[in-house]
Amino acid sequence: MTIIRFGYVAMSMNLQHASPSQTMTHKQFSGLKDEEAAIRKLERIAVSNIENCLRLLKHNVLHDIHFFRFSSKLIPLANHPDLAGWDFLTPLLPALGEIRSYLREHPMRVDFHPDHFVLLNSTDPQVMKNSLKTLRMHEGILDAMGIDPLHRCVLHVGGAHGDKEKAMEQFIHNWGLTPEGIQRMIMLENDDTVFSAFDALYLCEKLGVPLVFDLHHHMANEERDWTLDWTRVVATWKDSPLPLKMHISSPRSADDFKAHADYIDPHDFLGFLRQVEGSVDRIDCMIEAKQKDNALFKLMEELVQEEGVRRVDGSTIEIG
DNA sequence: CGACGTCAAGTATAA
DNA sequence: TTATACTTGACGTCG
């Protein structure tokens, strides 16, 4: 028997004017004459983004959703070199404190997926430095929200630069340059073109990092049968206080296989569920679909029609 | 108001 | 070496 909780990413299709990712581009910022005023504007945008996160958390509680990925665009230009001296965190502490209080009363699994330019396997020291800076920002936000940063940031392995083996060894090398506090935040995810689940498992096992298994990426990237190594995936979570986490999405079309569809095709996922059922007590399953929370609601309705699937609450099923 | 163009820290690929 | 695509949400502008 396995309990599966579904989560969704960053924004709701049901809340109006609740974007957690409002932004100001660097070009816009540079165009403003009064730099102090421009920074105050950035701070207003960031506070609004965090207030919208709180609205999203309340929306989640209202719909029995226990699993949510925050936007990683909460603080525009936080890590831009032109704003190196900006203390972006202090003005946000009151808003982050409200999230801390709310999450204390309504526990929910929350995490981040920093954007694709956060790379821990780059050979360019500047890219590595910026990546660590961005990860420290995530750590600061989590701390201010009162969340233990352990296993709260999903990353891909990074670029291959034409030599996958070498790029993986570079990851291991750079891991040694990564502060322990950042290391413990990280989970690794297989990608859809270069680093398969088996590549990622090599790194996860070597470095003691949980693997976030992305079923859609696996289908796009690998011929090999994932079930051969599923017990290895499960094992990467044995020292985590959090349930195994994975990602699901459906292909937009046969021709555009890698792109995410609006909703999840339940049959893409049901076969998987039937195979893993019983191998692990709990799975937290992040839905990456264009229709966000609506895709979650639709998938729930469809799955509970299926043989052997029982509804636990608005976002949770039990199978087996 | 809807349609369209612009922007984004890195990487991959084509020209 | 340089430019463009990738991806995707936000935002500004145009008609």
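Strands, as the term is used here, are DSSP runs of E that hold at least two residues and are numbered from the N terminus. The structure is a predicted model, and by this assignment its chain A contains eleven helices and ten strands. The radius of gyration of chain A is 20 Å, close to the 20 Å that the globule rule gives for 320 residues, so chain A is as compact as a globular protein of that length. The points below move from the chain as a whole to strand β8 with its two partners, and then to a single residue, L155, in strand β4.

**Overall dimensions and packing**
- Taken along the principal axes, the box that the C-alpha atoms of chain A fill is roughly 60 × 45 × 40 Å.
- Of the 320 residues in chain A, 52% are buried.
- Among the contacts in chain A with a separation of 6 or more, 77% come from residues that are 24 or more positions apart.

**Surface and charge**
- The area that chain A exposes is about 14400 Å², and carbon and sulfur atoms supply 52% of that area.
- Chain A carries 34 positive and 47 negative side chains, with the centres of these two sets 5 Å apart.

**Strand β8 and its partners**
- Strand β8, which spans residues 282–287, is mostly covered, since five of its six residues are buried.
- Strand β1 (residues 2–9) pairs with β8 in the parallel sense, over six bridges, and within this pairing I4 has I283 of β8 as its bridge partner.
- Strand β7, made up of residues 244–248, also runs parallel to β8 and is joined to it by five bridges, and here H247 stands opposite M286 in β8.

**L155 in strand β4**
- L155 belongs to strand β4, which covers residues 153–156.
- The relative accessible area of L155 is 1%, and because buried means under 20%, L155 counts as buried.
- When residues up to four places away in sequence are left out, L155 touches P114, V118, L120 and L135, and on the later side of the sequence I186, M187, L188 and E189.
- L155 and L119 are separated by 36 residues in sequence, while their C-alpha atoms are 7.8 Å apart in space.

Methods:
Residues numbered from 1 in each chain as written. Chains lettered and ligands numbered in written order. Predicted model: local features only at pLDDT ≥ 70, side-chain atom pairs only at ≥ 80, totals over all residues. Heavy atoms only, no water. Helix = DSSP H or I, 4+ residues; strand = E, 2+ residues; numbered from the N terminus. Rg over C-alpha atoms; globule rule 2.2 N^0.38 Å. Buried < 20%, exposed > 50% of the residue type's maximum accessible area, 1.4 Å probe, protein only. Contact = heavy atoms within 4.5 Å. Areas by Shrake-Rupley, 256 points an atom, 1.4 Å probe, with all protein chains shown as cover. Lys, Arg positive; Asp, Glu negative; His and termini not counted. Charge placed at Lys NZ, Arg CZ, Asp CG, Glu CD. Pairing = 2+ DSSP bridges.
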